[in-house]
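Please walk me through this structure, beginning with its strand pairings and moving from there to its helices, its cores and a few backbone details.

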Amino acid sequence: MTVRVAWACCALTSLLVVAAAVLATRNGVGPLGLGHLVFVAACALAGGLIGSRRPEHPVGRVLALGGLCFALMEACGQYAVLGLVTGPEPPLARTAAWPQTWLWVPANLSITLIPMIFPGGTLSSPGLRRLVRLTLAAAVPVMLLSALRPGENNQVGTGTGVVNPLGVAALAGPAPVAETAMTALMAVVFVVGGVDLVRRALRSSGVERRQIMWLAYAVGVEMLVVAARLAAGLTDAIPGRIWPATDTLWELGSATTALLPAAVCVAILRHRLFDIDLVVNRTLVYTLLSGCVSAGYVAVAGYLGAIFPSGDLSVSVLAAGLVALAFAPLRGRLQGWVNLLMYGERDDPYAALTRLGRRLENSGEPDGVLPGVARSVAEALRLPYAAVETSAGTRHAFGTPSGTRVRLPLTHNGERAGDLVLSPRPGESGFGPRDLRVLTDLARQVAIAAHAARLTADLRRSRERLVMAREEERRRLRRDLHDGLGPTLAALTMRAEAACDLVEDGPARRLLTEIVADAEAAVADVRTLVDGLRPPALDTLGLLGALRAHAVRQPPGLRVTVRAPDGLGPLPAATEVAAYRVAAEALANVRRHAGASQAWLRVEVSEGTLMLEVSDDGDGLRAGPSGPSGSSGTDGVGLASMRERALELGGTFAAEDRPGGGTLVRVTLPAREGGDHDDPGPAR
């Protein structure tokens with residue numbers, strides 16, 4: 001659709017609407033009876049705007065076609081009624097009664113298809129395409145049958161006496177059946193399109209979600225109007241009512257359908273210029289307020305009417321005055337409830353701070369503090385995304401980012417602790433003054449939490465360095481004692497023994513014998529000290545060799561399979577000791593408590609991390625006190641020791657049941673000193 005065609009169709013439809021309104025007025029139709037023409041004019045204008053600015057979009061063509069068909073139907077029908085019923089017959093009056101017999105098919109079908117192609121202009125699945133093809137194929141024969149249906153033209157109105165000038169008597173039976181079937185098919189298409197639109201709305205985000213929200217808003221308003229039509233009948237029984245509520249709402253409700261094409265036009269062309277959330281907020285508030293005021297008026301007027309049966313105007317005035325007294329406080333309360341529903345606790349900073357404080361209290365692990373803070377901020381203000389980025393470069397996020405993110409600095413004692421990164425709510429481009437006031441208060445508490453988390457991370461890294469340095473010093477001491485003091489004492493012992501063999505029995509020989517005994521005791525003490533500083537197998541066989549040797553030494557009833565690469569490369573001394581001790585403790589638990597016949601020991605190094613797994617085919621963790629890891633007694637101590645060895649190096653520990661039965665113990669340790677384990681961790 002080109003720009004000229006779009007505006008020409010809009011102008012033609014508008015002229016037909018004006019002609020229909022003039023003819024209807026001459027036929028005795030009041031102003032309130034022309035409300036449906038507002039919908040037709042809105043379709044024409046929306047089709048023209050979309051067709052001129054987005055010529056490739058099919059929704060513009062569909063709206064333009066629907067508006068033109070509706071306008072032509074109404075104009076022709078009113079002209080036929082004017083000529084054949086209410087006045088002298090003008091030229092072509094009988095012919096004008098014919099287009100209405102079949103134009104209802106394309107007019108209604110065009111509006112029916114909008115939910116399926118909104119907002120992108122394409123069908124979302126092959127099944128919908130087949131349904132649309134079937135509907136379009138069925139529309140052609142139904143239009144032909146309707147165009148030749150004999151008798152009174154129902155589209156003009158029952159009881160008018162206007163008949164189809166081209167009616168064929170033989171089609172008196174098939175035509176109504178086909179029209180009923182087509183109406184049912186279009187209803188099915190409309191419902192299926194609505195369900196598909198809801199499904200896409202739940203799965204979509206960003207621009208598409210805001211577009212669908214505009215249409216959902218218009219549909220919601222129309223549903224409220226329909227509900228008001230049904231409920232307005234209650235006021236008819238009230239004595240002294242001021243206006244005929246039912247009749248007025250019913251006539252005005254036809255005009256509110258114009259919101260549907262208007263919402264479609266805004267969603268496609270200008271959805272970013274208007275805050276749909278603000279529109280929905282105010283609509284909810286005033287809809288609820290109107291309902292409460294109406295219900296209050298009905299209740300008070302009904303009660304006063306029962307007390308004062310005369311039902312004069314004073315009863316209505318008194319009821320209106322009493323309801324007016326409750327208007328202001330009721331509006332404030334409803335506005336607060338709706339704001340809480342849509343914006344969270346931005347109007348109640350104390351509640352938001354309380355939520356944050358409780359989240360901090362319930363964070364048992366230090367690593368869970370900042371993720372809990374991000375979640376608390378997002379939930380308190382109903383934000384789609386919130387993240388705390390620390391000065392160390394880590395990110396703890398909650399939700400999915402969307403739109404332009406807003407970054408607020410976190411400062412504690414004049415020092416930058418990080419940033420609070422937030423995504424505005426869908427439909428909003430930023431945060432208003434109320435949101436910023438709450439976020440400023442929250443940022444102070446978040447900055448304290450970020451600073452505390454950094455201190456905790458610094459303390460943990462300091463402990464890791466101390467453990468690393470301790471084990472490296474132990475390895476150096478063991479090497480010095482084993483390679484230096486040990487051989488020296490052994491050589492002195494041998495010399496003392498040689499000297500003892502050269503002297504005869506006497507005081508000198510007894511003295512040398514004592515020297516030999518003391519030297520041998522010193523060598524044994526040094527050997528015990530060396531073995532206590534570090535497992536000897538680690539220095540003689542390496543970590544892999546030591547683990548394989550330990551696996552071989554298991555009792556005959558337990559078969560241990562070691563899965564490891566050919567080499568692990570140089571590892572920190574603390575990592576080697578921790579891995580060896582954890583593997584030994586885990587295999588001891590398997591041997592003593594699991595009741596397993598087979599175990600697997602897997603070791604690998606990847607991206608600066610050593611991963612060690614010990615699994616078995618035993619009873620599993622849920623076996624109780626006799627289980628492999630145990631939930632009580634000494635078994636719990638074994639788990640605690642393994643966990644402590646892993647955590648003190650900045651690693652991780654996990655013990656869980658295997659899906660196929662048995663237990664899996666998994667430990668990760670830093671594979672290089674001063675590497676990735678010194679950082680707080682990757683961004684999350």
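In this predicted model, Ala387 stands opposite Val421 of strand 4, and Val388 has Leu420 of strand 4 as its bridge partner. These residues belong to the pairing of strand 1, residues 385–390, with strand 4, residues 415–423, which is antiparallel and extends over six bridges. Strand 4 is also joined to strand 3, again in the antiparallel sense, and here the number of bridges is seven. Within that second pairing, Arg407 has Val421 of strand 4 as its bridge partner, while Leu408 stands opposite Leu420 in strand 4. Val421 thus faces Ala387 and is also the bridge partner of Arg407, just as Leu420 is the bridge partner of Val388 and stands opposite Leu408.

The connection between strand 3 and strand 4 is a hairpin with two residues between the strands, and Asn413 in the turn has a positive phi of about 55 degrees. Taken as a whole, the sheet is open and antiparallel, with four strands in the order 2-1-4-3. Its edges are strand 2 (395–399) and strand 3 (406–412), each of which pairs on one side only, and from one strand to the next the twist averages 15 degrees. Strands of a sheet pair through backbone hydrogen bonds, in either a parallel or an antiparallel arrangement. How enclosed is strand 4 by the rest of the structure? Seven of its nine residues are buried, so strand 4 is largely enclosed.

The protein as a whole contains 21 helices and nine strands. Of its 684 residues, 42% count as buried, and its accessible surface comes to about 34,400 Å², with 62% of that area belonging to carbon and sulfur atoms. Among contacts with a separation of 6 or more, 68% are between residues 24 or more positions apart.

Two of the helices can be followed in detail. Helix 3, residues 58–84, has 27 residues and reaches 39 Å from its first C-alpha to its last, close to the 39 Å expected at 1.5 Å a residue. Because 20 of those 27 residues are buried, helix 3 is largely enclosed by the rest of the structure. Helix 7, residues 126–147, has 22 residues and spans 32 Å between its first and last C-alpha, close to the 32 Å expected at 1.5 Å a residue. Its buried residues include Leu128, Leu131, Val132, Thr135, Ala139 and Val142. An α-helix has 3.6 residues a turn, so residues three or four places apart point the same way. The buried residues of helix 7 pack against helix 5 (100–112), helix 6 (114–117) and helix 8 (174–203).

In soluble globular proteins, nonpolar side chains tend to be buried together. The largest nonpolar core here has 49 residues, of which Ile50, Leu63, Phe118, Met182 and Val264 touch the most other members. A second, separate core of 39 residues includes Leu538, Leu543, Ala579 and Ala594. Leaving aside residues up to four places away in sequence, Ile50 touches partners that include Pro55, His57, Leu63, Val264, Cys265 and Ile268.

Phe118, one of the residues that touch the most other members of the largest core, also takes part in a notable backbone feature, for the peptide bond from Phe118 to Pro119 is cis, with omega near 0 degrees. Pro119 lies in the loop between helix 6 and helix 7. Most residues other than glycine have a negative phi, and most peptide bonds are trans. Against that background, which value does phi take at Glu607? Phi of Glu607 is near 50 degrees, a positive value in a residue other than glycine. Glu607 is found in the loop between strand 6 (598–606) and strand 7 (609–616), and because its relative accessible area is 71%, above the 50% cut-off, Glu607 counts as exposed.

Toward the end of the chain, Ala640 is found in helix 21, residues 634–647. With a relative accessibility of 39%, Ala640 counts as partly exposed. Ala640 and Phe653 are 13 residues apart in sequence, and the distance between their C-alpha atoms is 9.9 Å.

Methods: Residues numbered from 1 in each chain as written. Predicted model: local features only at pLDDT ≥ 70, side-chain atom pairs only at ≥ 80, totals over all residues. Heavy atoms only, no water. Expected span 1.5 Å × (residues − 1). Buried < 20%, exposed > 50% of the residue type's maximum accessible area, 1.4 Å probe, protein only. Contact = heavy atoms within 4.5 Å. Areas by Shrake-Rupley, 256 points an atom, 1.4 Å probe, with all protein chains shown as cover. Pairing = 2+ DSSP bridges. Axes fitted to C-alpha atoms, helices over the stretch in contact; angles between N-to-C directions. Core = buried A, V, L, I, M, F, W, Y, C linked by side-chain atoms within 4.5 Å.
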